[in-house]
Protein chains: 2
Amino acid sequence: MKIDELNWTILRLLQQNARFTNAEIGRKIGLSSPAVAERIKKLEDVGVISGYKAEVNHIQTGYQLKAFVTLKAFMGKLKPFLDKVKEYKEVLNCYRITGNENLVMEVVLYDQFHLEEFIDRLITYGEVRTSIVLSNVIENNPIGKNR
Amino acid sequence: MKIDELNWTILRLLQQNARFTNAEIGRKIGLSSPAVAERIKKLEDVGVISGYKAEVNHIQTGYQLKAFVTLKAFMGKLKPFLDKVKEYKEVLNCYRITGNENLVMEVVLYDQFHLEEFIDRLITYGEVRTSIVLSNVIENNPIGKNR
DNA sequence: TTTGAAATCAACTATGT
DNA sequence: ACATAGTTGATTTCAAA
């Protein structure tokens, strides 16, 4: 799909705040609210916009720690783990990756005891590397037209 | 803030689809729409819900590659990079982390040439490790009450 | 429950092929 | 002449008081 300048602006705005009304967006880009609605609907239909999500502050919900955990699966252990990981509520995202490790997971945890217990669940499947998040340098930078 | 069962359900629903109306949510959990509105407003005020974001499919927008890139900064190069990275449109998220590396970045790229050019920008600041994302095992699993 | 605002739908208009 | 993208105004639905 062709994404023109106006659509890029709409995408940027909705990535910043999905609750902008069509009228507000229209005011910013110089279109009527039905025209904006039409453009957004098309972006949704084509799959450029795949959904609208509330962003939850994990610390406010009691998850004090966030971490990136990689797994280098033992021989024959990757498939079983791919099934198992779906049951882990702590895992926000899990990706297959190239390189020395097979998977990287973004996880939230209550505290260091929770982290320890979580790692214990993984070590039967492979080598585990854990990087605890200290701070956010950039968070949810909207995708835009670049270069 | 105390988050009861109903609020956890509301959070789960809004993380799946931020466009549920108060009435729809109310129907699912057996509350009136104003009651739901009041609960959501409190979750927002307290900061449990920090925003509502449109989710954009990066492949549909022309970014064929997604990767995790870590940086182990050279002596004295971390601070300069923390300033510089804010200018990089490819970087969706960037976190300070514990461990051998200082930073992990989630980036989107047009193609392997773009990736090469991006890495070239980083190598003056430190050691770079790149893991290209092959597939999503778990994507945007909502935070919930667990264990 | 009521009020105001916003989304939706219909009909019409302008522009470009 | 037809297709595409936009406006305007009426109706319905939603959210805020």
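**Two protein chains and two DNA strands: a short tour**

Hi everyone, let me start with one pair: B:Arg129 and A:Glu101 form a salt bridge, with their closest N and O atoms 3.4 Å apart. By salt bridge I mean a side-chain nitrogen of Lys or Arg within 4 Å of a carboxyl oxygen of Asp or Glu. Before I go on, this is a predicted model, where local features need pLDDT of at least 70, side-chain atom pairs count only at pLDDT 80 or more, and totals for chains, interfaces and linings use all residues. Residues are numbered from 1 along each chain as its sequence is written, chains are lettered from A and ligands numbered from 1 in the order in which they are written, and side-chain values use heavy atoms, leaving out hydrogens and water.

Back to the interface. The rule finds four salt bridges across the interface of chain B and chain A, and a search of the whole structure gives 20 over all chains. How many residues does each chain bring to the contact? Chain B brings 67 and chain A brings 67, where contact means heavy atoms within 4.5 Å. Together the two chains bury about 6,300 Å², 52% of it on carbon and sulfur atoms. Buried area here is the accessible area, with a 1.4 Å probe, that two parts lose on being put together, summed over both. On the chain B side, B:Lys53, B:Tyr95 and B:Ile138 lose the most area to chain A, together 11% of what that side buries.

There are also 40 residue pairs in polar contact between chain B and chain A, both residues at pLDDT 80 or more. A polar contact is a pair of N or O atoms within 3.5 Å; within protein, one must be able to donate a hydrogen and the other to accept it, and residues adjacent in sequence count only if both atoms are side-chain atoms. Strand 5 of chain B gives the largest share of the side that touches chain A, ten residues. Helices (H or I, at least four residues) and strands (E, at least two) are DSSP runs, numbered from the N terminus. That side of chain B divides into 30 nonpolar, 21 polar and 16 charged residues. For the classes, Ala, Val, Leu, Ile, Met, Phe, Trp, Tyr, Cys and Pro are nonpolar, Asp, Glu, Lys and Arg are charged, and the others, Gly among them, are polar.

B:Tyr95 comes up again in the strands. Strand 5 (residues 126–138) of chain A pairs with strand 3 of chain B in the antiparallel sense over four bridges, pairing being at least two DSSP bridges between two strands. A:Asn136 stands opposite B:Tyr95.

Now the DNA. Around strand D sit A:Leu31, A:Ser32, A:Pro34, A:Ala35, A:Arg39, B:Thr21 and B:Asn22, near meaning that a heavy atom of the residue lies within 4 Å. Sugar and phosphate make up 79% of the strand D atoms that come within 4 Å of the protein. Polar side-chain atoms of A:Ser32 and A:Arg39 lie 2.2 Å and 2.9 Å from a phosphate oxygen of strand D. A:Arg39 also meets A:Asp4 in a salt bridge (3.1 Å, N to O), and the two are 35 residues apart.

Last, which residues surround DNA strand C? They are A:Thr21, A:Asn22, A:Ala23, A:Ser33 and A:Pro34. A backbone N or O atom of A:Asn22 lies 3.3 Å from a phosphate oxygen of strand C. Thanks, everyone!
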